[in-house]
Amino acid sequence: MKILVTGAKGFVGKNLCAQLNNIKDKKARNYGVQIDAVYEYDLDSTPDELDVWCKEADFVFNLAGVNRPKNQEEFMAGNFGFASLLLDTLKKHGNKCPVMLSSSQQASLTGRFGNSEYGRSKKAGEGLFLDYGKETGAKVFVYRFPNLFGKWCRPNYNSAVATFCNAFANDLPYTVNDPSVELELLYVDDLVDEMIACLKGEEKHCEFEGLDVIPSKTGRYCFVPTTHKVNLGTIVELLKSFAEQPQTLMIPEIPENSFAKKLYSTYLSYLPYEKTAFGLKMNVDERGSFTELVHTLNAGQVSVNISKPGITKGQHWHNTKFEQFIVVKGRGLIQQRNLNDPEGKVLEWEVSGDKIEAVHMLPGYTHNIINLSDTEDLITVMYCNEVFNPNKPDTFFDPVERS
């Protein structure tokens with residue numbers, strides 16, 4: 001299958017082409033579709049290229065359009081005008097391959113979009129595509145997208161999320177006039193997944209009542225089922241917590257498919273070089289070092305412990321706190337003893353970075369870890385189910401082996 005993408009260097013185009021090329025190059029194999037070529041058309045492409053690609057294409061994604069012209073007239077020329085050229089070129093070659101149109105909620109011409117020149121140009125493009133489908137019998141997929149966000153989106157252009165992410169990542173000023181304003185947001189990876197579903201004939205059809213999507217198998221329009229309605233105040237508060245992570249070590253709550261997860265990935269894509277890496281506090285003494293790596297809101301923390309040759313660390317127990325020790329380099333011995341065992345039996349696990357395994361430190365068991373090497377440091381990743389609280393450490397000294 002040969003795919004033509006117009007507007008290939010725009011925000012959506014870059015993301016879509018990247019994944020289409022992943023499929024073409026067999027880097028993404030879970031989509032169940034074969035792609036032989038991706039034709040990437042943009043402003044620097046030639047009329048001859050467009051002509052050849054319209055002749056050869058098996059599917060067309062039309063993402064080309066004008067969002068921020070110098071004057072209002074450019075909306076119609078850039079959106080309706082190019083759509084006419086594209087469809088005329090396909091007709092010239094008798095190519096009735098499926099075509100997808102990227103439209104906008106503003107084409108509803110309802111509510112705050114009632115007097116949108118951009119919306120009128122998108123609405124005209126929709127009519128053009130729908131008429132083309134009736135005339136030629138070609139499948140036409142018209143999508144009205146809400147506000148978009150994700151990596152590679154241009155800040156200070158047409159995405160408030162991109163603008164805020166860039167501001168927090170680069171310590172720039174920002175303004176929120178009304179934190180209660182709610183946006184309907186579509187993440188670019190969800191959009192791309194739907195585009196590939198459309199390519200496979202698995203698109204979701206609908207009609208619109210104003211801005212509301214009404215799913216319908218016979219609907220003239222198509223939609224992406226996963227969007228997020230979030231107010232500006234929530235977006236800003238999340239971004240504040242993301243920006244503080246190098247100081248707090250706190251990884252935000254990012255459940256699968258949540259807005260927070262998608263926003264965090266978007267935010268990270270705007271980090272400058274000098275903020276991409278950040279130092280951690282190493283607690284160093286004659287025995288080695290201990291460094292907290294990551295904190296979480298509800299699932300504790302992860303740290304790394306370095307023990308010098310022959311050193312024993314630990315020798316304590318916890319009431320409720322539990323840990324996992326995972327040796328990743330060196331050779332060590334983990335010992336534990338149940339405080340209520342009258343015989344004082346010591347349980348032992350010899351561990352090594354050559355065979356990585358996790359060992360639970362059990363509540364009510366005093367435990368330690370011993371570096372068995374005379375020359376090599378022992379490096380242990382340690383998970384604890386709670387972030388350390390100096391006011392309630394739940395840690396009590398007691399040697400594992402009784403004298």
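Two strands are said to pair when DSSP finds at least two bridges between them, and in this predicted model that criterion is a convenient way into the region around β13 and β14. These two strands form a hairpin with 2 residues between them, and their pairing is antiparallel over 4 bridges. One of the positions that can be followed across the hairpin is Met 282, whose bridge partner in β14 is Thr 291.

The hairpin strands also take part in the lining of a pocket, the second largest, which has a volume of about 700 Å³. Its lining is made up of 31 residues, and those that lie nearest the centre are Phe 290, Asn 305, His 316, Glu 323 and Met 382. At least two lining residues come from each of α8 (245–248), β13 (282–285), β14 (288–296), β15 (301–307), β16 (312–317), β17 (323–329) and β22 (378–384), while β14 gives the most, with 4 residues. In terms of chemical character, the lining divides into 11 nonpolar, 12 polar and 8 charged residues.

Strand β16, which supplies at least two residues to that lining, also belongs to an open sheet of 5 strands with antiparallel pairing, in the order β19-β18-β21-β16-β23. Because β19 (346–352) and β23 (396–397) stand at the edges and have a single partner strand each, one side of each is left without a neighbour in the sheet. Further inside the order, β18 (residues 331–338) and β21 (residues 365–371) pair in the antiparallel sense over 7 bridges, and within this pairing Gln 335 has Asn 368 of β21 as its bridge partner.

The nonpolar interior can be considered next. In soluble globular proteins, nonpolar side chains tend to be buried together. Here the largest nonpolar core contains 54 residues, of which Val 5, Leu 20, Phe 61 and Ile 235 touch the most other members; helix α6 (residues 188–199) gives the most to this core, with 7 residues. Leaving out residues up to four places away in sequence, Val 5 touches Leu 16, Cys 17, Leu 20, Val 38, Tyr 39, Glu 40, Tyr 41, Phe 61 and Leu 63. A second, separate core has 28 residues, among them Ala 37, Tyr 39, Tyr 132 and Tyr 221.

Several loop residues merit individual attention, beginning with Lys 139, which is placed in the loop between α4 (117–136) and β5 (140–145). Lys 139 has a relative accessible area of 54% and is therefore exposed, since that class requires a value over 50%. Its C-alpha atom is separated by 7.9 Å from that of Lys 96, although the two residues are 43 residues apart along the chain. When neighbours within four places in sequence are set aside, Lys 139 is in contact with Cys 97, Pro 98 and Val 99.

Backbone geometry draws attention to two further loop positions. Most residues other than glycine have a negative phi. Leu 249, however, has a positive phi of about 65° although it is not a glycine, and its place is in the loop between α8 and β12 (250–251). Asn 257, likewise a residue other than glycine, has a positive phi near 65° and is found in the loop between β12 and α9 (259–268). As for solvent exposure, Leu 249 is buried because its relative accessible area is 10%, under the 20% limit for that class, whereas Asn 257, at 40% relative accessibility, counts as partly exposed.

Technical notes:
Residues numbered from 1 in each chain as written. Predicted model: local features only at pLDDT ≥ 70, side-chain atom pairs only at ≥ 80, totals over all residues. Heavy atoms only, no water. 1 Å grid on protein atoms, 1.4 Å probe; cavity = no way out; pocket = protein on both sides within 12 Å on 5 of 7 lines; lining within 4 Å. Points joined across faces, edges and corners; volume = space filled by probe spheres on them. Nonpolar A, V, L, I, M, F, W, Y, C, P; charged D, E, K, R; others polar. Buried < 20%, exposed > 50% of the residue type's maximum accessible area, 1.4 Å probe, protein only. Contact = heavy atoms within 4.5 Å. Core = buried A, V, L, I, M, F, W, Y, C linked by side-chain atoms within 4.5 Å.
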